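Hello,

Here is the structure I promised to pass on to you. Have a look at it first, and my notes follow underneath.

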Amino acid sequence: MKVLWLCSWYPNRYIFHNGFFVRRQAEAVARFADIATLHAVEKTTEILSPDGTKQKIRGGANFEIEINRKTHFEVLVYFPKSNNKFLKFFRQFRAYRKGYAAVCREFGKPDLVHLHVVYSAGIFALFLHYFHGLAFVISEHWAGYRTEVGAFQRGGWLMRTLAEACFRAARGVMALSPFHAATMQQHSLNNRYFYVPNVVDTTLFKQKSKEKQETIRLLHVSGLNDTPKNITGILNSVAQLSKIRQDFVLDIIGDPFEQPPYKALVNALNIEKFIHFYDYLPIEKVAEHMQKADIFVLFSRFEGLPCVILEAMSVGLPVVATETGGMADWITEGSGRLVKSEDEAALVENLDFIMTHLSGFNPELIRKKIVETCSYDAVGQAITDVYRS
């Protein structure tokens, strides 16, 4: 079976972590089917450097096609930047057509299309469906359908029309969880839903050793955007926790451009000795940090199904996180604690509890569910089963 993945989000030369979980799913499914991924990226002419200054980079008025062959056939098409929304739309559509021609030429015509995130690659999925007779399925990863996020409501007529057309034409929709599916169904985006979690490299995120450390290491990994991740709340909680005990440190890994205000807050709270910041790290280095950690912390206001939580559990770490919808299916009494969003007192209380009772958490049991449901083989097989159905 040849399957074309149309990806609204995908790692590229400008944002290497954009949709990294989509690439991992593609690697998983490539064990069971022939996969070609296609993503169109608008060129940019400047990026921020680590010191906060803008740096000019190559843009260009031409279309560039980049083809990679690793675990699967991968096509990235870079199209010229435009500030005109309509011109940008036509250039993006043209980029997808160029990419599709490259796929057909070197990979072959696909039997099925798998659309990852409706907006904005869904337009090309509909084009292939109605003009080339290709059936498609959807995987939706976006949290914007949630009422408290409100991004779908604010997206306007075009976003709603595109979503309704895609959901109406698709053969099936893969969601991260029943809760995630319900956020789409509340907008009357009905279809036959399947539940497929994010994938974890369980050979990289392997069982941690049981060596006891004098200093308890807490770990947080994210993009560090405060609106969804509430890093400010974590730091406030650490300040309160430090008044109860001093036998811990918190390692924070994430976007260096987001870090300056948090570093200023750390100084203001006088908790410098408890906080260590790290810039974005390769996934192998993140796995190494998890091996050294004792507890994983995520205090988000809203989430889908965070890969970092699944990866931490694959290592065997207990997790303290917010119940942002469906998390109770993963984090139980035996694998960590859930708290309400914004409840800093509860975060402090539960961190203190787990730090005190670390020996009561069994790393093997925490890891077991992830291996069974989120490993490359498990997720690859689950998605392939959806194709066959």
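Let me begin with a charge and a ring: Arg13 lies over the face of Tyr78, 3.8 Å from the ring centre. A second case involves Lys98, whose charged end sits over the ring of Phe63 at 5.5 Å from its centre. Please keep in mind as you read on that this is a predicted model.

The rings also meet one another. Searching the whole structure gives 16 aromatic pairs. One of them joins Phe124 and Phe127, which are stacked, with 5.5 Å from centre to centre and 25° between the planes. These two residues are three apart in helix α3, so about one helical turn separates them. Phe124 is buried, at 1% relative accessibility, and Phe127 also counts as buried, at 14%. Both belong to one aromatic cluster, whose other members are Phe89, Phe90, Phe93, Tyr96, Tyr100 and Phe131.

Now to the sheet. Eight strands make up an open sheet with mixed pairing, and their order is β5-β6-β2-β1-β7-β8-β9-β10. The edges are taken by β5 (64-69) and β10 (193-195); each has a single partner strand, so one side of each has no neighbour in the sheet. On average, neighbouring strands are turned by 20° against each other, direction ignored.

For a closer view of one pairing, take β7 (residues 112-116) and β8 (residues 136-139), which run parallel and are joined over four bridges. Within this pair, His114 has Val137 of β8 as its bridge partner. Helix α3 (residues 122-132), the one that carries the stacked Phe124 and Phe127, packs on the sheet and touches β1 (2-7), β7 and β8. The direction of α3 makes about 145° with that of β1.

Finally, the cysteines. How many disulfides are there? The count comes to zero. Cys7 is in no disulfide, and the nearest cysteine sulfur to its own is that of Cys166, 14 Å away. Why is there no bond for Cys166? Its closest cysteine sulfur, in Cys7, is 14 Å off, which is too far for a bond, as a disulfide needs the two sulfur atoms within 2.5 Å. Are these cysteines buried or exposed? Cys7 counts as buried, with 0% relative accessibility, and Cys166 is buried too, with a relative accessible area of 0%.

Happy browsing, and do write back with any questions.

Best wishes

Key. Residues numbered from 1 in each chain as written. Predicted model: local features only at pLDDT ≥ 70, side-chain atom pairs only at ≥ 80, totals over all residues. Heavy atoms only, no water. Buried < 20%, exposed > 50% of the residue type's maximum accessible area, 1.4 Å probe, protein only. Pairing = 2+ DSSP bridges. Axes fitted to C-alpha atoms, helices over the stretch in contact; angles between N-to-C directions. Contact = heavy atoms within 4.5 Å. Phe/Tyr/Trp six-rings, centres within 6.5 Å; stacked < 30°, edge-to-face > 60°. Lys NZ or Arg CZ within 6 Å of the ring centre and 35° of its normal.
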